[in-house]
Amino acid sequence: KNANMSKLTLSSGLQADWQKLKKGQSKWLMIKSERPGDETAPLVTDVAGAANSTHAELWAALPKDEPRVVLYNLTFSVTTSDGVIQPKNKILVVSWVPNGLSGMRGLKLKMLATTATSTVKDAFQIAHLVQACSDDEFTLDSFLDKAKRFERDPVTPNSWS
């Protein structure tokens, strides 16, 4: 069905959810394969976080034993050299591949996660990637560290990030 195994397809529902995320109508999208382990299955939205949802709610919804790709609308502020505080946001691609995936199943899940991450990043033209394998890497601080690399001015988190 998909002769080029390097790309997966995106479901129309996921594409519609992406538009909502860009408009700020959701905070994050957790993405998975419609049929895990089947490289011909489209990528779908597993869970969408409401616009006011928190990083803690995302962490609670994240499966700790399966990879996911997460699109996260990170909100923060920068303080310019003249003291003006400007609210900003960046959409990040977060590749969640938890430690402990082993054997042939684990290897296949890791390979599919890599392909899914690449597909999402390319399809939605997102430059910012966070890779996380454990709870100490899947933190708001690690997301903010990624944002800091692309800003000239100091970055501060918003309380609702």
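The points below review the fold, the nonpolar cores and a few loop residues of a predicted model.

1. Secondary structure. The protein chain contains 4 helices and 6 strands. From the N terminus to the C terminus, these elements follow the order α-β-β-α-β-β-α-β-α-β. The chain has a radius of gyration of 16 Å, close to the 15 Å given by the globule rule for 161 residues, so it is as compact as a globular protein of that length.

2. Overall dimensions and burial. The C-alpha trace spans about 55 × 30 × 25 Å along its principal axes. Of the 161 residues in the protein chain, 45% are buried. Sequence-distant pairing is well represented: among contacts between residues at least 6 apart in sequence, 67% join residues at least 24 apart.

3. Surface and charge. About 8500 Å² of the protein chain is exposed, and carbon and sulfur atoms supply 52% of this area. The chain carries 20 positive and 17 negative side chains; the centres of these two sets are 5 Å apart.

4. The largest nonpolar core. This core comprises 19 residues, and those with the most contacts inside it are Val-70, Tyr-72, Leu-74, Val-94, Phe-138 and Phe-143. Two or more residues each come from strand E1 (26-33), strand E3 (68-79), strand E4 (85-96), strand E5 (129-132) and helix H4 (140-148). The greatest contribution is that of E3, which gives 5 residues. A second core, of 16 residues, lies apart from the largest one; Leu-21, Val-69, Val-93 and Phe-124 are among its members. In soluble globular proteins, nonpolar side chains tend to be buried together.

5. Phe-143 and helix H4. Which residues does Phe-143 touch, not counting residues up to four places away in sequence? They are His-55, Tyr-72, Leu-74, Leu-92, Val-94, Val-130 and Phe-138. Phe-143 is one of the buried residues of H4, together with Ser-142, Leu-144, Lys-146 and Ala-147. The cover over the buried residues of H4 includes helix H2 (55-61), E3, E4, E5 and strand E6 (155-157). A reader inspecting this helix may note that Lys-146 belongs to its buried set.

6. Asn-99. This residue is located in the loop between E4 and helix H3 (103-123). Is Asn-99 buried or exposed? With a relative accessible area of 56%, Asn-99 is exposed, because the threshold for that class is over 50%. Apart from neighbours within four places in sequence, Asn-99 has contacts with Cys-133 and Ser-134. Its C-alpha atom is separated by 8.1 Å from that of Asp-65, although the two residues are 34 residues apart along the chain.

7. Gln-125. The loop between H3 and E5 holds Gln-125. Its phi is near 50°, a positive value in a residue other than glycine. The relative accessible area of Gln-125 is 73%, so this residue is classed as exposed.

8. Ala-127. The loop between H3 and E5 also holds Ala-127. A relative accessible area of 56% places Ala-127 among exposed residues. From C-alpha to C-alpha, Ala-127 and Glu-34 are 25 Å apart in space, with their positions 93 residues apart in sequence counted as separation.

Conventions. Residues numbered from 1 in each chain as written. Predicted model: local features only at pLDDT ≥ 70, side-chain atom pairs only at ≥ 80, totals over all residues. Heavy atoms only, no water. Rg over C-alpha atoms; globule rule 2.2 N^0.38 Å. Buried < 20%, exposed > 50% of the residue type's maximum accessible area, 1.4 Å probe, protein only. Contact = heavy atoms within 4.5 Å. Areas by Shrake-Rupley, 256 points an atom, 1.4 Å probe, with all protein chains shown as cover. Lys, Arg positive; Asp, Glu negative; His and termini not counted. Charge placed at Lys NZ, Arg CZ, Asp CG, Glu CD. Core = buried A, V, L, I, M, F, W, Y, C linked by side-chain atoms within 4.5 Å.
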